[in-house]
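Student: I have the sequence and the coordinates open. Could we go through the structure together, starting with the cysteines?

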Amino acid sequence: KNIVEHISDPLMHLVRNAVDHGIETPEDNAIFLNIDQYDYFNYGVDNIDKAQSKEGLMEALAEEATRGLAEAEDKYIAYVAATGAEEAGISDSTAITTSTAAKKAIDNAFEYLWNNGVTTKDKVTIYLAPWFYTLFQDKLVELKTDNDSLLAKGVLGLYNSANVKMSNQLHNDGTDDYIIVKTSKAIACCNGIDKLEAYSPEKSFMDAVKGLNTYGAKVVRPKELYIIKAHK
């Protein structure tokens, strides 16, 4: 009984405070996001060609086309990141030719994020161009062999508890690749329509597939985003 009373008294105190002071309402953080980008495909395969091909031709083509839509969306999001970062959150154009220089550039990015309130508990992802990854890969913490979920998402390793991915869709201004270091909350993105449909065109002996992807993206927390402008 004494133990129950000892526990319940503080709880009742909290309840009384809640009643006395009312319920706090979080501030509205709503933003307007344009769904103003779109990509599509529409192709057909003659039934004769299909009959002469290996089983699964249409499925393989659909998978490849869907991947193409996803890559186009990734490229746009990378562009939004590159052009939406704050001036203080973009490095000067830098030649990166050694592993040490690559590590220093990434460390500078983390220093910027940490100074702006990002903690080690936030979900941070680093997106590297292939050549930058080659220089930086020896600094990564290897994933455990049973971490299939991260491997399936394209995560190649960890650095400062952040996921490290490699991308061919990063923005390039003709000189520099724009390496991205960001939290999961830095950029808002949304699909308006994501649809894949098989159909049979009229007046033809053909199987066809068409797909559409509409989307939009916006930097909503610029202090949680850092861009490294780097070249070989």
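Student: How far is the sulfur of Cys-189 from the closest cysteine sulfur?

Tutor: This is a predicted model, and in it the sulfur of Cys-189 lies 7.8 Å from the closest cysteine sulfur, which belongs to Cys-190. That is too far for a bond, because a disulfide requires the two sulfur atoms to be within 2.5 Å.

Student: How many disulfides does that leave in the count?

Tutor: The count is zero disulfides.

Student: Are those two cysteines buried, exposed or partly exposed?

Tutor: Cys-189 has a relative accessible area of 44%, so it is partly exposed. Cys-190 is also partly exposed, with a value of 35%.

Student: Next topic: Ala-198. Which strand is it in?

Tutor: Ala-198 belongs to strand β7, which covers residues 187–199.

Student: And why does Ala-198 count as exposed?

Tutor: Its relative accessibility is 63%, and exposed means over 50%, so Ala-198 falls in that class.

Student: What does Ala-198 touch, leaving aside neighbours within four places in sequence?

Tutor: Ala-198 is in contact with Ala-208 and Val-209. In addition, the C-alpha atoms of Ala-198 and Lys-210 are 6.5 Å apart, with these positions 12 residues apart in sequence numbering.

Student: Val-209 brings me to the interior. Which residues touch the most other members of the largest nonpolar core?

Tutor: That core has 43 residues, and those touching the most other members are Ile-106, Ile-126, Leu-128, Phe-132, Val-181 and Ile-228. At least two residues each come from α3, α4, β3, α5, β5, β6, β8 and β9. The largest share, seven residues, is supplied by α4.

Student: Where does Val-209 fit in?

Tutor: Val-209 is a member of another core, of eight residues, which lies apart from the largest one. Met-58, Ala-62 and Leu-69 are also among its members.

Student: Why would such residues group together at all?

Tutor: As a general tendency, nonpolar side chains in soluble globular proteins are buried together.

Student: Back to Leu-128: what does it touch beyond four places in sequence?

Tutor: Its contacts include Ile-106, Tyr-133, Phe-136, Val-164 and Met-166. Lys-165, Ser-167, Leu-170 and Ile-179 are in contact with Leu-128 as well.

Student: Now the pockets. What is the volume of the largest one, and which residues lie nearest its centre?

Tutor: The largest pocket holds about 510 Å³ of space. It is lined by 18 residues, and Asp-74, Tyr-127, Lys-165, Ser-167 and Gln-169 lie nearest its centre. Two or more lining residues come from each of α3, β5, β6 and β7, and α3 gives the most, with four.

Student: Lys-165 and Ser-167 came up before, then?

Tutor: Both line the largest pocket, and both are in contact with Leu-128.

Student: How many cavities of 30 Å³ or more are there?

Tutor: The structure holds one, with about 60 Å³ of space in it. Its lining includes Phe-110, Trp-114, Asp-122, Asn-160 and Ala-162.

Student: Finally, the overall figures: how many helices and strands, and what percentage of residues is buried?

Tutor: The protein chain has six helices and nine strands. Of its 232 residues, 31% are buried. Its accessible surface is about 15300 Å², with 52% belonging to carbon and sulfur atoms.

Student: And what percentage of contacts joins residues at least 24 apart in sequence?

Tutor: Among contacts between residues at least 6 apart, that figure is 77%.

Note on methods. Residues are numbered from 1 along each chain as its sequence is written. This is a predicted model: local features need pLDDT of at least 70, side-chain atom pairs count only at pLDDT 80 or more; totals for chains, interfaces and linings use all residues. Side-chain values use heavy atoms; hydrogens and water are left out. Buried means under 20% relative accessible area, exposed over 50%, partly exposed in between (1.4 Å probe, protein chains only). Contact means heavy atoms within 4.5 Å. A nonpolar core is a set of buried Ala, Val, Leu, Ile, Met, Phe, Trp, Tyr and Cys residues joined through side-chain atoms within 4.5 Å. Accessible areas come from the Shrake-Rupley method with a 1.4 Å probe; for residues, only the protein chains shown count as cover. On a 1 Å grid over the protein atoms alone, a cavity is a set of points where a 1.4 Å probe fits but cannot get out, and a pocket is an open set with protein on both sides within 12 Å along at least five of seven lines; lining residues have an atom within 4 Å of a point. Grid points are joined across faces, edges and corners, and a volume is the space filled by probe spheres set on the points.
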